[in-house]
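Student: Please take a close look at one part of this model for me, somewhere the two chains come together. I'd like to hear what surrounds it and then how the rest fits in.

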Amino acid sequence: MSDKQNTIIDVNELQTSFFVDGKEVKAVDGVTFDVPSGKTLGIVGESGSGKSITSLSIMRLINNPGKIKGGEINFNGENLLDKSEAQMRKIRGNQISMIFQEPMTSLNPVFTVADQIGEAVMIHQKLSKKKAREKSLEMLKLVGIPSPEKRLDNYPHELSGGMRQRVMIAIALACRPELLIADEPTTALDVTIQAQILRLIRNLQEELGMSVILITHDLGVVAETCDYVAVMYAGKIVEYADVNTLFRDPKHPYTVGLLKSLPRHDIDMEGDLSTIKGMVPTPDNMPKGCRFAPRCPFARDMCRENLPHLEDEGDGNQVRCWIHTDQWDGPEVNVKDDYESAASKQS
Amino acid sequence: MFVYIVRRLMQTIPVVIGVTILVFSMMHLVPGNPAQIIAGESASPTQVAQMEERLGLNDPLPVQYFSYVGNAVTGDLGNSIRSGNAVTDEIFSRLPVTIELALYSTFLSIFIGLIAGVISATKRYTFTDAAIMIVALFGLSMPNFWLGLMLVQYFSLPPLQWFPVTGWGTPQHIVLPVLTLGTAGAAIIARMTRSSMLDVINQDYIRTARAKGVKERIIIYKHALRNALIPVVTVVGLQFGVLLGGTVIIEQVFAINGLGRLVIEAISARDFPVVQGSVLVIALMFVLVNLLVDLSYRFLNKRIELD
Ligand SMILES: Nc1ncnc2c1ncn2[C@@H]1O[C@H](COP(=O)(O)OP(=O)(O)OP(=O)(O)O)[C@@H](O)[C@H]1O
Ligand SMILES: [Mg+2]
């Protein structure tokens with residue numbers, strides 16, 4: 001793991017579950033990662049892997065029937081899970097901000113843009129209404145909304161999806177947070193707008209020197225935007241690496257599978273759009289061993305029986321796979337090179 | 001918005017015409033000859049014929065209708081058979097009391113209903129929530145006249161005697177009738193507010209507010225309630241409209257001289273013009289209230305496109 005002093009946030013064995021009909025759904029099951037200060041961490045994974053629940057857990061915004069069951073979330077060296085609700089309120093929107101997947105519904109329909117941006121600075125910086133309005137205008141300019149003076153008094157329904165997401169970013173950044181969590185900020189938007197919003201987040205990060213957690217299921221976005229990547233599968237991190245290593249030398253079969261299904265040419269893989277066979281396991285049908293084993297072309301009995309740990313690979317990168325351990329009892333494999341031939345033999 | 005107001009006003013025209021036709025027909029649908037009744041039991045056939053002529057009852061129906069509407073537009077709803085006074089005067093001397101009664105009751109329902117509904121929603125599935133909703137169910141199912149009589153029984157008669165039994169004028173007079181009339185409305189508003197709040201609290205923009213670090217109390221009363229109120233406004237408006245015409249029984253129970261009591265008196269005296277006039281006024285007020293509710297709904301709900 002990278003040097004503690006330069007780490008803005010360090011999530012350790014985080015566990016968040018939902019309790020429905022007397023059954024426990026482990027949405028996040030022992031997630032561990034950190035974000036070096038001033039850097040961008042991408043969290044990738046298929047739908048339902050627990051990305052949003054991880055980010056909401058960091059914000060401590062998990063509501064009934066959900067509950068954070070254990071682990072640590074060390075932000076600037078202090079465990080957020082030990083904070084009172086009042087202390088968390090001082091952090092939310094101030095030191096840690098979040099933007100959401102759904103720009104169309106994330107703004108309050110009965111308040112103006114100025115009201116919604118200004119509220120954060122009025123709460124955290126105790127600005128007057130007039131000063132807050134000036135701040136809102138400044139933020140609208142910062143996020144590149146055309147004719148910002150006019151937009152101040154608009155209601156959300158008067159704005160397009162891309163503009164709403166810009167307003168969300170303006171709200172999130174109004175107090176200059178140290179950490180921005182962007183949960184699939186562009187999934188709901190047109191492709192051209194997507195690129196604009198991502199560029200905006202990247203530029204603002206450099207300008208404001210903040211750290212970013214960018215959640216996405218798009219490895220292309222990761223390649224362009226992130227410094228580090230955590231690959232999530234069924235509530236667990238399966239691989240953590242800096243972005244170059246991940247694309248050059250992916251170690252987990254799931255990561256390789258994701259990369260193989262990516263139609264790109266500027267990275268090391270020849271994409272042939274082969275998808276990973278099978279389905280993400282459902283919470284009530286969680287495999288006993290490695291969660292990816294049922295879909296993994298290299299899986300052996302030991303994989304199906306025992307859950308591997310997230311092991312350090314020495315260079316600050318980590319992988320959760322038996323192949324990369326001493327205990328591996330199969331023939332030597334190079335996950336990246338052998339993936340395709342192994343996958344073709346898979347039934 | 002202006003276009004919408006105009007269009008909405010246009011829509012009321014057919015309703016108003018329908019109301020006047022119904023009210024006009026009342027005269028001709030009830031059994032008995034109005035001329036006979038007006039002229040009196042003992043009137044001779046000649047006198048009745050003269051009365052028919054004077055009332056225009058021999059004219060074709062459309063002619064009668066248009067002259068009725070024509071007069072009504074100028075504020076002439078005929079004269080009371082009982083007192084001989086102008087019907088409009090009779091109505092307007094009684095109307096303020098009824099409006100007062102309906103207004104106070106509506107305010108009371110809003111006040112109690114909103115508070116109960118919000119508490120219920122924020123404490124959902126707890127004992128408090130269940131208790132409030134059971135009380136609301138009782139409030140909704142109790143017949144008005146029975147509740148009124150019970151309140152009189154316990155609070156106006158010995159030993160308590162806190163409030164006068166009947167009449168209108170002092171604040172003490174207002175309490176029991178308003179409580180009686182406001183209860184059902186409070187129950188409806190509480191239930192509506194609760195379900196509307198529960199719906200709003202799960203919206204993404206509430207999560208956004210939490211992510212901003214907004215206090216829970218402000219999230220409930222500012223972010224959530226503002227949105228939750230939009231459907232409640234409709235219920236409040238309809239409730240007020242219903243009360244305007246619905247105070248009849250309570251005015252009777254508490255002997256309050258409002259419009260409702262005028263209607264009852266007029267019916268038992270077969271005072272057709274007064275009945276007609278009162279029904280017309282109540283119906284028009286209802287149309288007006290509905291119009292205002294629609295407009296305020298549009299105003300509150302900025303999401304609805306105003307084409
Ligand atoms: N309110 C809830 N009640 C019960 N289970 C839930 C709830 N919210 C989430 N979960 C469970 O948590 C799992 C992870 O959900 P999460 O929203 O974090 O997925 P995600 O990785 O963000 O997916 P997506 O890419 O679709 O946004 C889901 O598969 C679901 O089983
Ligand atoms: Mg998600």
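Tutor: First a bit of vocabulary: two residues are in contact when they have heavy atoms within 4.5 Å of each other. Keep in mind, too, that this is a predicted model.

The part I'd pick is helix α9 of chain B, residues 204–212. Of its 9 residues, 8 are buried, so the helix is largely enclosed by the rest of the structure. Buried here means under 20% relative accessible area. Those buried residues include B:Tyr205, B:Ile206 and B:Ala209, but also charged ones such as B:Asp204, B:Arg210 and B:Lys212.

What encloses it? The buried residues of α9(B) pack against α8 (171–201) and α10 of chain B, and also against α3 and α6 of chain A. Right after α9(B) comes B:Gly213, with a positive phi near 95°. Helix α10 of chain B runs over residues 216–246, and B:Gly246 belongs to it. B:Gly246 has 31% relative accessibility, so it counts as partly exposed.

Now zoom out to the whole interface. In total, 25 residues of chain A are in contact with 21 residues of chain B. The two chains bury about 2,200 Å² between them, and carbon and sulfur atoms give 57% of that. On the polar side, there are 12 residue pairs in polar contact between chain A and chain B, both residues being at pLDDT 80 or more. The chains also share 3 salt bridges. One of these joins A:Glu119 to B:Lys222, with the closest N and O atoms 3.4 Å apart. Here the two chain A helices come back: α3 (113–124) and α6 (161–173) each supply at least two residues of the side of chain A that touches chain B. Helix α3(A) gives the most, with 5 residues. By class, that side of chain A has 13 nonpolar, 8 polar and 4 charged residues.

Helix α3 of chain A has a link inside its own chain as well. The side chains of A:Asp115 and A:Lys129 form a salt bridge at 3.8 Å, N to O. That pair connects helix α3 with helix α4 (residues 129–142), 14 residues apart. A:Asp115 is at 33% relative accessibility and therefore partly exposed, whereas A:Lys129, at 58%, counts as exposed.

For a contrast further into chain A, try A:Asp29 in strand β2 (residues 23–36). A:Asp29 makes a salt bridge with A:Arg291, the closest N and O atoms being 2.7 Å apart. The partners sit 262 residues apart, A:Arg291 being in the loop between α10 (253–260) and α11 (301–305) of chain A. Both A:Asp29 and A:Arg291 are buried; A:Asp29 has 7% relative accessibility. Leaving aside residues up to four places away in sequence, A:Asp29 also touches A:Leu14, A:Gln15, A:Gly235 and A:Lys236.

As for chain A overall, there are 12 helices and 12 strands, and 57% of its 347 residues count as buried. Its radius of gyration is 21 Å, which agrees with the value near 20 Å for a compact globule with 347 residues.

Definitions and conventions
Residues numbered from 1 in each chain as written. Chains lettered and ligands numbered in written order. Predicted model: local features only at pLDDT ≥ 70, side-chain atom pairs only at ≥ 80, totals over all residues. Heavy atoms only, no water. Buried area = accessible area lost by both parts, 1.4 Å probe. Salt bridge = Lys/Arg side-chain N within 4 Å of Asp/Glu carboxyl O. Polar contact = N/O pair within 3.5 Å; in protein donor to acceptor, adjacent residues only side chain to side chain. Helix = DSSP H or I, 4+ residues; strand = E, 2+ residues; numbered from the N terminus. Nonpolar A, V, L, I, M, F, W, Y, C, P; charged D, E, K, R; others polar. Buried < 20%, exposed > 50% of the residue type's maximum accessible area, 1.4 Å probe, protein only. Rg over C-alpha atoms; globule rule 2.2 N^0.38 Å.
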